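Here's a walk through one protein model, written for someone who'd rather look than wade through tables. Have the viewer open as you read.

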Amino acid sequence: IPAEESEDELPDGEERLDTRLSEGDTAGGSQEGNKDRSKEGAVGEETDGDGHREGQEAEQPDRTPASSNKPRKKKKKRKTKKNSAGETVEDVLKDIDIILERIEDPGLAPQSQGGIITDSRPLLYVEHRNLNPENELKRYFGARAVLGDQRPRQRQRQYVRSMWLTAPKNTWPRYSKTGITMQLLDTRRGVQHFTFEHHREYQQVQFKFLDAVESMDPNNIVLLLQMNPYHVDSLLQLSDVCRMQEDQEMARDLIERALYSLECAFHPVFSLTSGACRLDYRRPENRAFFLALFKHLMFLEKRGCPRTALEFCKLILSLDPENDPLCVLLLIDFLSLRAREYTFLTRLFQEWESHRNLSQLPNFAFSVPLAYFFLSQQEERPELERSQARERAAWLIQLALIMFPSVLMPLLDHCGVQPDARVTSHPFFGLNAQISQSPALNQLTSLYVGRTHALWKDPAVMAWLEPHVHEVLCMVEVGDALVQEAEHKRKIRYQSAPRNIYRHIILSEMKEATAALPLEVTSQPVMGFDPLPPLDSIVSYTRPERTSHPSNESTLSLFFRSLLPNFNLQGDVRHDGDDEAGAAQDLNQGVNRLMAAMRDMLANIQFQEPPRDDNPEGDGDWD
């Protein structure tokens with residue numbers, strides 16, 4: 001009988017594994033014969049590594065027949081009563097996290113320890129687990145430090161919808177349909193094109209939001225959010241207001257709520273990870289998703305989660321890689337270096353250089369050789385790969401210094417490094433290099449230096465950079481053809497920056513680059529919910545025109561309107577304005593309204609009584 005019971009239990013090896021993991025029982029069954037106890041114990045002891053254990057359990061079902069379920073139910077009941085080895089729930093949950101990471105990430109080892117390019121997945125492939133900042137924080141500080149005592153409480157927490165982009169919070173208002181939906185427009189060459197759509201009720205809320213923005217009073221946006229707590233543009237605009245008031249926590253919370261609202265409207269076949277779903281930034285309905293993702297990744301980077309921010313950056317780039325409306329290519333190299341994803345950065349450069357000319361952007365020209373240098377310093381790599389990376393880094397950094405000589409001196413200045421006399425006195429890297437460059441190139445170099453100078457402060461990096469600077473000076477002195485070619489390219493290119501670069505600089509709020517923006521950008525109003533909209537926008541609905549025409553009113557009428565907002569001298573606009581009798585009647589009505597308004601104003605004037613002598617809290621004596 002015990003032998004039959006053990007044979008019934010063996011075909012359900014996977015179910016037994018799930019039961020053991022979920023109930024905290026890491027030992028096999030101990031109620032059977034000695035042979036089965038030793039066999040089950042050998043399987044149950046391996047709680048840390050899952051490869052050997054799964055191999056044993058996968059082989060056993062092939063040699064055992066199926067039987068009834070009664071002994072299985074009886075044994076499960078006995079299992080729940082016992083917790084062998086006295087392990088705590090936290091230890092078992094930690095083992096579950098380790099097992100899940102190994103199961104979900106089969107390509108991690110070849111990507112981090114193999115050659116320079118070993119990942120066979122698409123370049124912009126997004127992993128769901130890397131979109132959660134808690135996973136990155138747990139790798140840095142441990143699950144106990146990040147989650148604390150949250151795990152036991154999760155069983156009493158009310159049910160919320162599971163999301164990928166952000167985790168809903170109990171403090172948020174209850175979600176209801178907002179009137180935003182997503183539609184599949186078409187599919188071309190395996191790429192699906194989607195768009196968000198605003199229903200009629202959401203359009204009315206959008207019109208009220210535009211009125212609130214024009215009022216220049218954030219309280220009106222707050223009132224609108226109280227009635228419509230998941231209106232996306234209101235959340236984006238109010239987040240900027242909170243950030244300006246140094247309330248970073250509330251600003252981040254509003255952005256996460258906007259992402260939650262948009263994710264609830266996703267189309268069933270819209271995929272975040274495939275890299276084959278597109279959104280057109282020219283449609284105003286789609287812009288909120290781009291901006292919410294960008295603002296969210298900026299908060300993640302400041303929070304110390306560069307790996308999660310890089311994943312969101314890849315997601316934004318995958319939504320429109322051809323046009324790149326927010327120009328995240330100016331940011332993705334910095335996030336790759338901060339997250340130590342050097343392999344991804346070098347792969348991006350090799351695959352896109354031929355058709356995107358990434359080397360003509362100062363950030364890629366300097367960050368890619370820096371990534372190769374860091375790869376050459378990894379001792380776990382084979383010596384051949386390290387030497388190849390070292391040679392590649394040396395050649396690319398020299399090309400970068402030749403192409404963009406104006407980067408070196410500001411970079412050294414930000415790093416607090418004083419160059420030697422030869423570099424300081426040479427005109428190639430001197431002040432003339434910065435003055436002679438075009439304003440568009442100045443914006444790109446200022447953005448890169450202001451953003452990534454901290455990555456160059458490493459003494460090992462400076463020791464690697466110094467001999468290459470002197471090598472470039474030797475090439476300049478002998479009149480190398482590369483130097484003349486680079487100077488010719490700088491004169492022809494970088495005449496004016498495209499609109500997406502301006503948009504990126506505004507959103508990044510990097511003071512070094514913002515100061516270099518042209519007057520035609522800084523002179524126009526920039527709204528946080530839609531900075532610098534595309535000139536070729538695809539508009540699906542328009543805001544209705546105002547019924548009142550204050551521009552036709554007289555100065556006196558505007559003055560009384562400023563005192564009494566409900567005052568209207570002209571009254572209702574008459575369509576038979578050419579009729580003299582009607583015009584005279586309108587004039588009389590306007591005069592009567594003016595007199596009534598003046599009476600109301602005089603009646604409402606209240607004079608403040610002067611403070612009495614016996615008032616200790618008075619403002620002081622009156623003259």
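What follows covers the strands, a capped helix, some unusual backbone angles, and then the empty spaces. Bear in mind that this is a predicted model.

**The strands**

Start with β1 (residues 180-188) and β2 (residues 191-198), which run antiparallel and are joined by eight bridges. If you want a pair to click on, L184 stands opposite F194 in β2. The two strands make a hairpin, with two residues between them. R189 sits in that turn and has a positive phi of about 55°.

β2 has another partner too: three bridges join it to β3 (residues 277-279), and this pair runs parallel. Here Q192 is the one to find, as it stands opposite C277 in β3.

**A capped helix**

Next, take a look at α26 (residues 481-492). This helix has 12 residues and spans 17 Å from first C-alpha to last, close to the 16 Å expected at 1.5 Å a residue. At its N-terminal end, D480 acts as the cap, with a side-chain oxygen 2.8 Å from the backbone nitrogen of L482. Just past the helix, Y494 takes a positive phi of about 60°.

**Two loop residues with positive phi**

Where do D324 and E509 sit? Both are in loops: D324 between α16 (306-319) and α17 (329-338), and E509 between α27 (499-508) and α28 (511-514). Neither D324 nor E509 is a glycine, yet each has a positive phi.

| Residue | Phi | Relative accessibility |
|---|---|---|
| D324 | about 50° | 3% |
| E509 | near 55° | 44% |

Is D324 buried or exposed? D324 counts as buried because its relative accessible area is 3%, and the cut-off for buried is under 20%. E509, at 44%, is partly exposed, since that class lies between the 20% and 50% limits.

**The second largest pocket**

E509 turns up again here. The second largest pocket has a volume of about 800 Å³. Of its 32 lining residues, D240, R243, M244, E509 and G528 are the closest to its centre. Elements giving two or more residues to the lining are α11 (200-214), α12 (218-227), α13 (232-244), α15 (284-303), α17 and α27. Of these, α15 has the largest share, with seven residues. By class, the pocket lining comes out as 20 nonpolar, four polar and eight charged residues.

**A closed cavity**

Then there's the enclosed space. How many cavities of 30 Å³ or more does the structure hold? There are six. The second largest of them has a volume of about 60 Å³.

Its lining is short enough to select by hand: L330, P362, N363, L444, L447, Y448, R451 and T452. Two helices, α19 (362-376) and α24 (439-452), each supply at least two of these residues. α24 gives the most, with five. Sorted by class, this cavity's lining has five nonpolar, two polar and one charged residues.

As for how such spaces are found, rolling a probe the size of a water molecule over the atoms shows where empty space is left.

How values were computed
Residues are numbered from 1 along each chain as its sequence is written. This is a predicted model: local features need pLDDT of at least 70, side-chain atom pairs count only at pLDDT 80 or more; totals for chains, interfaces and linings use all residues. Side-chain values use heavy atoms; hydrogens and water are left out. On a 1 Å grid over the protein atoms alone, a cavity is a set of points where a 1.4 Å probe fits but cannot get out, and a pocket is an open set with protein on both sides within 12 Å along at least five of seven lines; lining residues have an atom within 4 Å of a point. Grid points are joined across faces, edges and corners, and a volume is the space filled by probe spheres set on the points. Helices (H or I, at least four residues) and strands (E, at least two) are DSSP runs, numbered from the N terminus. Ala, Val, Leu, Ile, Met, Phe, Trp, Tyr, Cys and Pro count as nonpolar, Asp, Glu, Lys and Arg as charged, and the others, Gly among them, as polar. Two strands pair if DSSP finds at least two bridges between them. Buried means under 20% relative accessible area, exposed over 50%, partly exposed in between (1.4 Å probe, protein chains only). The expected span of a helix is 1.5 Å times one less than its number of residues. A polar contact is a pair of N or O atoms within 3.5 Å; within protein, one must be able to donate a hydrogen and the other to accept it, and residues adjacent in sequence count only if both atoms are side-chain atoms.
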